[in-house]
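Dear colleague,

I am passing on a structure for you to look through, and below it you will find my notes. Please keep it open beside you while you read.

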Amino acid sequence: MNATGLSLQRRAWALGLWLSAMVLGLVLIARGHYTADLSAFLPASPNAQQRVLIDQLQSGAAARSLLIGIEGGDEATRAAASRSLAQALRRSGLFEQVQNGAIDAQGSDDGGWGATGRWLYQHRYLLSPAVTPERFTAEGLRGAVEETLSLLGTPAGHALKATLDSDPTGELPLLVEALIPASAPRVAQGVWVSREQPRALLLASSKAPGADLDEQAAAQALLAQAFQPFQAQGLRLLVSGPPLFAVHSRAQIEAEVKQLAIAGTLVMGGLLTLAFASWRALLVAFLPVATGVVAGIVAVLLSFGSVHGITLGFGSTLIGEAVDYAIYYLIQARVGAEAGGWRRWLAEGWPTVRLGLWTSICGFAALVFSGFPGLAQLGVFSIAGLLGAALCTRWVLPVLMPWGAAGSALRRQLGRVARLGVRGLPKLRWPVWGLGLLAAGWLALHHDAIWRGDLASLSPVPKAAQDLDASLRQDLSATDARLLVIAQGDDPQAALRAAEAAAVRLEGLVSQGLLAGFESPTRVLPSLATQAGRRASLPSPEVLRAALAKATRGGPLPAARLGPFVDAVAQARAQPFVSPDDLRGTALAPMVDAMLFRGSAAGEGAAAPWFALLALQPAAGRALDAAPVAAALKGLPQVQVLDIKQQLDSLYGRYLHEALWQALLGAVAVVVLLGLYLRSGPRLLAVCQPLAWAVLLTLGGLAAGGVPLGILHLVGLLLVVAVGSNYALFFDQLQATGQADDDTLASLLLANLTTVASFGLIALSKIPALSAIGQVVAPGALLALLLSGCFARAKV
Amino acid sequence: MLRELVARRTWLWLAGCLFAGPTWAFAMPDLMALLSQQRSGEARFTEQRYVANLDAPLKSSGTLSFEAPDRFTRRTLLPRPETMAVEGNTLTLSRGGRSRQFTLDAAPEMVAIVEAVRGTLTGNAQSLQRHFRPQLSGRAEQWSLLLVPLDARLAHQVREIRLDGQRGELRGVTMEMADGDRSVMQIEPEPAKP
């Protein structure tokens, strides 16, 4: 036995175990996978509609699309730049499709429309919705030819004349007309331009999925590089879109997490230096923090496979609580130097720390069971982190500094301030009561308007970037398709059949003028059943010739000219059906890929369904409403209307609702645990009172200040209860022992200052998720301490 | 003395005729002023289109209506019902039981053709000059406005458009296509509604 009362063997064991655990953890961390997209904040067990939404958000066409604007210079310069930039992007091979409105370009740079037109022409009798048996009767042919002739002798007629003899019923113009979008960007100088500003426009969708941020970053770097020559001409590049936001958010989260860690370390270091004036004490005080962070990251990595950036940022707040353990230890072991050093801490300080730890774990355990991976990660991280920090404090600190921290620095002064506070605060009890009642009343009055946050409030995209995005979207007429119609089936054919049934109903809405139009993959990829029906309606050459002779009698287009038409129909009668592979190489392939896809399975063993999407275009000057669309689609069980905005809102609503329950459960668990430990009603009440008041005043203050409260504020409140319970227990302990020395009071004040400082830093973060937690915990923790003193019954 | 006076007057009169001449000629601003007085109108039309390789000209008829500043509708009744309605930047085509909307300025040549008629009906000289080289001939009672496209892509389709009219009324539109086809439209205004 040596002076510390620890055997050499035990010291070696404790240190060795801790060191190897840390090394192992660091290795895992270095090999870990880190994400920064919104996926962690989407539900893990979504319903069918949400699953489509999530698939779309993660890998849909929108998630891969960059909106590009070119400003500066004159219109001709911008148009030329748009052409060269589009060419450079296409040549890079990183983009599946680059559109800039130019359809007159030569060669392969026409975006594939030349090939597309030929393809449509070749398959017109399988694709055209007008192909029915009636169309090939004498009466039907007469009507179809008349309609085609009505386009001749107009500016549009020139293009038609080339195919008049082989397509007199006008199937090709019909197909092309259906593919022209109802709303499209303005064209000037042959390229897309903005209606509002002097700006040329492009739309580029990457080959890589939206979630592959490394590939997305590479594509964006290539875009910036390709634009460099035009920058010299005085042109400016504007870029927006989900892939850009994702890449920026990742970079921002990375940078902020680093900044927070550095700033937090510096502030904490400063405070600790003031308190201990010892480098050694400073280093030792950081050990539980480091252990906690490593344990948290490793636990999340092991249970989720990857760590979200927000979780990491949140982790730095753990510094605030974990460093408290070290402060209590270093000061309290020092106090007890005459009476056994760390042993006295073990007897008097550790039980309080342990109880505080259990209450924190109870609080966060509720989050672990959250249906949202993002929240569950925060829960796992906090629990593992606090456990790691506590274990390190319990087993490693006594080995390294058995007698606590030497030197007293400014602790005496801190202690004196604390003592003044402890004496003075109880006098404020009645004013605090009044304030609390005021806050409670205010909250009760406005309880509907308090929780105003939405999913967008979790997004770290700054306002200016959101404005630019909205402006480019309006220019490109690419307003987020708010309403989608989803047709579902067990296989692609079933999904296409369901989409065709939906298209028939939607066509009715278009005729009524409620819709300007809609896009459907069945326009270029009809179901096999439909193709078979069309093929079967094509008559034999003899029958067709007879009908044609009757139909054209007396008309300006003689049947004798229409031999190529009879041949084309005869050929189409033996034509193989169109399959998705036939579309390769045309500009239609990306469209069909985006609109017909396999969803993710609902659960283990369940087959993944196929989805066909129909995008709706609102009639000019009309808002698109889900109700008439849903009414029109009634009776089609395989077809649903997806209101994206409403789905996202309900997603967040569910998220918030779940978090509220979890927070409540967590709070109840904390109270039960305290009750079990204290085994006294009055003591439990005395401990809970300051916590309840701290939550009430924090919430009231933020709500009265007009801060829209969201889920992360709620998580912050949970943290206030977890941290605050330590203070309340401390005062409960004071009452039991009846007295406290300056050093112990100083440790309390110091612990609180570090917590408030670290969360105060986080409140300044530009990442909304982090600043929300900081905004709650910094004032909440301070209030928890002051109120614990205020409501304390002990004489000090 | 008297003779001198008469001679002087004659001289002045002649000079007046000579020099004041151009201001009496019928010019674009005059036509535009006449046209812009008409805020709305209804008319019947008959159209004949001469298309190469067809045995006979294509005939159609129907009604036209316009309402300043930006609404214009062509309703074909024969041989098949068909409607083309322009309002602001939106073009709505209804034919064969289908109705489709398009954005006009997504296709600049479509804008130009619409403006040839809409710009003339509303007396919008700026709009006409943006898309065409206008040449006016005739007088107020019987004028003829020739529009030659400025845009190369439109010129590839349409060689020229000729609008004929009497005072503030449009009476005919002739469109010469680049490939030699031609459409001739005769317009018979309906008396203004009470």
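The notes that follow take up the contact between the chains and then the strands of chain B.

Please bear in mind throughout that this is a predicted model.

I began with the place where the two chains touch, and there the contact takes 28 residues from chain A and 30 residues from chain B. On the side of chain B that touches chain A, the elements that give two or more residues are strand 1 (40-50), strand 5 (90-95), strand 6 (98-103) and helix 3 (108-122) of chain B. Among these, strand 6 of chain B supplies the largest share, which comes to 5 residues. If you sort this side of chain B by class, you will find 13 nonpolar residues together with 10 charged and 7 polar ones.

I then turned to the pairing of strands within chain B. Strand 2 (residues 58-67) of chain B pairs with strand 3 (residues 71-78) of chain B in the antiparallel sense, over 7 bridges, and a hairpin of 3 residues links strand 2 of chain B to strand 3 of chain B. Within this pair, E67(B) is found opposite R71(B), which belongs to strand 3 of chain B.

Strand 3 of chain B also runs antiparallel to strand 4 (residues 82-87) of chain B, and 6 bridges join the two. Here again there is a hairpin, with 3 residues between strand 3 of chain B and strand 4 of chain B, and R75(B) has T83(B), in strand 4 of chain B, as its bridge partner.

With best wishes

Terms used:
Residues are numbered from 1 along each chain as its sequence is written. Chains are lettered from A and ligands numbered from 1 in the order in which they are written. This is a predicted model: local features need pLDDT of at least 70, side-chain atom pairs count only at pLDDT 80 or more; totals for chains, interfaces and linings use all residues. Two residues are in contact if their C-beta atoms, placed from the backbone, lie within 7 Å. Helices (H or I, at least four residues) and strands (E, at least two) are DSSP runs, numbered from the N terminus. Ala, Val, Leu, Ile, Met, Phe, Trp, Tyr, Cys and Pro count as nonpolar, Asp, Glu, Lys and Arg as charged, and the others, Gly among them, as polar. Two strands pair if DSSP finds at least two bridges between them.
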